[in-house]
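This report describes how two protein chains and two DNA strands are arranged in one model. Please keep the structure in view while reading.

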Protein chains: 2
Amino acid sequence: MNNVIKDFKVSCKNCNLDSICLPRGLSQQEIENLSTVVNNNIVIQKGEYIYRQGDAFSRLVAIKSGTAKEVNFDSQGNEHILNVLLPGELAGFDGLYLDKYNCSVIALEQISFCELPAEQIDTVCSQIPGITRELFKHSSEVIIASQNRVVSNKGSAETKLALFLINLSDRLKARGFSPVEFNLPLTRQEIGDHLGLTFETVSRTLTHFQDKGYLRVQRKYIEIKDLTGLRSI
Amino acid sequence: MNNVIKDFKVSCKNCNLDSICLPRGLSQQEIENLSTVVNNNIVIQKGEYIYRQGDAFSRLVAIKSGTAKEVNFDSQGNEHILNVLLPGELAGFDGLYLDKYNCSVIALEQISFCELPAEQIDTVCSQIPGITRELFKHSSEVIIASQNRVVSNKGSAETKLALFLINLSDRLKARGFSPVEFNLPLTRQEIGDHLGLTFETVSRTLTHFQDKGYLRVQRKYIEIKDLTGLRSI
DNA sequence: CGTATTATTGACTCCATTCAAAGATAGTGG
DNA sequence: CCACTATCTTTGAATGGAGTCAATAATACG
C-alpha cells in the first residue's frame, strides 16, 4: 500500500541529500541516469514497513525524510533493534545474500524514502560506471557502522548510552541537523533493547546525565550541554 | 613480509572451499578467469597481520586454512574482537568505504589465505559478469553476520556464550569440520572481550556448562555433548 | 475526558565484576 | 631432560551495578 508520488521536481539530481546518499560519488550525467530508475519520495506512516524480515529481496532504499528502525525478530519472537536510519542512509543490503531480507525496516514517524528496484540493480551497475563502486562503498559503510556498534555495545550502561547519543549527534550533524538539540527517535524501551539494557536503566542513566550537567532531557527531547564531557565517559 | 607461494596445483578451480568462498556462484569459465588474478596460499604465522586498521585498502582476502581474528582498537587503545574468521570466509570489505581498513586481521595460528588485489577489483567486476553479484552477496553475508552478532551480544553470560559456541559449531559444520568437537580459536580473555564479559566469567560459565552436561571442556578443546540443550538456553 | 502508552523513581535481589591466589600448560634455554 | 618463565586458566570471596518488581506520574491520542 505504498503511495508512489513521482514529483519531477524531486529527483536525485536536485535532492539536498546528494552529498550523503547514493549519488554522492557520481558525475552529473551519472546522477541524471540514476534518476530515471530510482523511485523518489515514497511516503509511509509511522509503524508501517518498508520491507519485512523474510520477504524476497525487492529493492535497496534510501531514507529521504524522517527516521526508521531496522528490527530483527529472533526465533523466540523477541524484538532486537539493530539500527536507527536517518535521512540519506541506505538499507536493504542484508537482502542480497540469500535474496531475502534478514530484518524489517519500520517507520518511526511519517517518512519518505526512495527505492532502487532489485531488477534494475544489474543494469544500472553495468550502465553507470560509478554506481557499482558507490554501492560497494555504501555496503562497506554499513559494515563499518555495525562493527562500531559491536564496539559500543560493551561496558557500563553509561558508556553504552553515551556512545549511542554521541553517534546519533554525529550523524545528525553530518546531515545538517543540530548535533546538540534533537528528539530521540526511539522510546526508552527501544533504546534499552538496542543497547541491551532495561528501559528503567535507560531512564535512570539519562536523568543521571542530566544531574551531572551533560544534557537536558524532557521525554524525547534532548539538549546536549557538554558534548566533551559526554565523550569523556 | 608475506611469503607468496604460487602453487599452480592450488587455484580457485580446484580448491576444496569453492562452494563457500568467492567462486561459489560462478561458472567453470568464470572461476578459471578469477584464478588468474587471485594470489593463492599466502602463508603467515600466528600473531602476524593480514592487514592493519588504518592501512590503505589494498585487497580483499579469503582465509584458506587456519583461523584469524578481526580486531578494532578504539581511541583509548582497547582491543575489541569483532569476529573470528574461518576457512572460506572473506574479509576486507570494511576497507572499501574510505579506502582504508577499519580493523586489523590477525592470524590466530599459522594460516594460509588468498587475496584479490584492490587494483584488480574493477577489472574483474567488468570482465567476469558473475563476480560483482557474488561480491555483493559476500558483502551482504558479512552484514547479516554482524547483525546476528548484535542480536547475540545481549542477555546473560550464559546466553552470550551459548550463542557464541552454537555459531562457531554451525560455521565449522558448514566447512566440513566436526560441529561437536573442536578447539576454541580464542583464549578466555579474547572470548570475554568479544562478548563483553571478563575472562573469569567465561571460564566459570564454561565449567558451568560442563557441570550441566552440555559439553566437555579442557582448555581450548571443546566437545559438545548436548547441542539441543545448549540451544535451549 | 478517559484510556493507553511511555516515563520516572524507589527498594530489593542477583549476577557479573573485581580482587586475589593458585594451578596447568606451552615454550625456552641450559 | 629438567628447570624456568610466561601465559593461560581455574576457583574463591566480596563488592557493586544493572535487573526485577512495583507504584506513580506525565503525555499522547482517540
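The buried residues of helix 5 of chain A are A:Arg188, A:Ile191, A:Gly192, A:Asp193, A:His194 and A:Leu195. The model is a predicted one.

**A buried helix**

Helix 5 of chain A spans residues 188-195, and six of its eight residues are buried, so this helix is largely enclosed by the rest of the structure. To be called buried, a residue needs 20 or more other C-beta atoms within 10 Å of its own. Which elements cover the buried residues of helix 5 of chain A? The cover includes strand 6, helix 4 (157-174) and helix 6 of chain A. Just after helix 5 of chain A comes A:Gly196, with a positive phi near 75°.

**Two residues with positive phi**

Most residues other than glycine have a negative phi. A:Asp99 has a positive phi, near 60°, and is not a glycine. A:Arg219, also not a glycine, has a positive phi of about 55°. A:Asp99 sits in the loop that runs between strand 7 (90-91) and strand 8 (104-107) of chain A. A:Arg219 belongs to the loop between strand 11 (215-218) and strand 12 (221-224) of chain A. Are these residues buried or exposed? A residue counts as exposed if 12 or fewer other C-beta atoms lie within 10 Å of its own. A:Asp99 has 12 such atoms within 10 Å and is therefore exposed. A:Arg219 has 9 C-beta neighbours inside 10 Å, so A:Arg219 is exposed as well.

**The sheet of chain A**

In chain A, four strands make an open sheet with the order 3-8-5-6 and antiparallel pairing. The edges are held by strand 3 (49-51) and strand 6 of chain A; each has a single partner strand, so one side of each has no neighbour in the sheet. From one strand to the next, the twist averages 30°. Strand 5 (residues 68-73) of chain A runs antiparallel to strand 6 of chain A, and six bridges join them. Across from A:Lys69 stands A:Val84, in strand 6 of chain A. The other protein chain also meets this region: helix 3 (residues 129-152) of chain B lies across strand 5 and strand 6 of chain A, at about 125° to strand 6 of chain A.

**How the two chains meet**

Two copies of a chain are related by a rotation about an axis and a shift along it. Here, a rotation of 180° with 0.0 Å of shift along its axis superposes chain A on chain B, with an RMSD of 0.0 Å. The two copies are thus related as by a two-fold rotation axis. The C-alpha of chain A nearest the axis belongs to A:Ile143, at 2.8 Å.

How many residues does each chain bring to the contact? Chain A supplies 28 residues and chain B supplies 28 residues. On the side of chain A that touches chain B, strand 6 (79-85) and helix 3 (129-152) of chain A each supply at least two residues. Helix 3 of chain A gives the most to this side, with 14 residues. By class, the side of chain A that touches chain B holds 12 nonpolar, 10 polar and six charged residues. Of the interface residues of chain A, 100% are also interface residues in chain B, so the copies meet through the same surface.

**The surfaces near the DNA**

Both DNA strands have residues of chain A and chain B among those that come nearest. Around DNA strand C there are 20 residues, of which A:Thr187, A:Ser203, B:Ser156, B:Ala157 and B:Thr201 come nearest. Two or more residues each come from helix 5 and helix 6 of chain A and from helix 4 (157-174) and helix 6 of chain B. Helix 6 of chain A gives the largest share of the surface near DNA strand C, six residues.

Around DNA strand D there are 19 residues, and A:Ser156, A:Thr201, B:Thr187, B:Arg188 and B:Ser203 come nearest. The elements giving two or more residues are helix 6 (199-211) of chain A and, from chain B, helix 5 (188-195) and helix 6 (199-211). Six residues, the largest share of the surface near DNA strand D, come from helix 6 of chain B.

The table lists the residue classes of the two surfaces.

| Surface | Nonpolar | Polar | Charged |
|---|---|---|---|
| Near DNA strand C | five residues | seven residues | eight residues |
| Near DNA strand D | five residues | seven residues | seven residues |

Methods:
Residues numbered from 1 in each chain as written. Chains lettered and ligands numbered in written order. Predicted model: local features only at pLDDT ≥ 70, side-chain atom pairs only at ≥ 80, totals over all residues. Contact = placed C-beta atoms within 7 Å. Nonpolar A, V, L, I, M, F, W, Y, C, P; charged D, E, K, R; others polar. Near = placed C-beta within 6 Å. Least-squares fit on C-alpha atoms with pLDDT ≥ 70 in both. Pairing = 2+ DSSP bridges. Axes fitted to C-alpha atoms, helices over the stretch in contact; angles between N-to-C directions.
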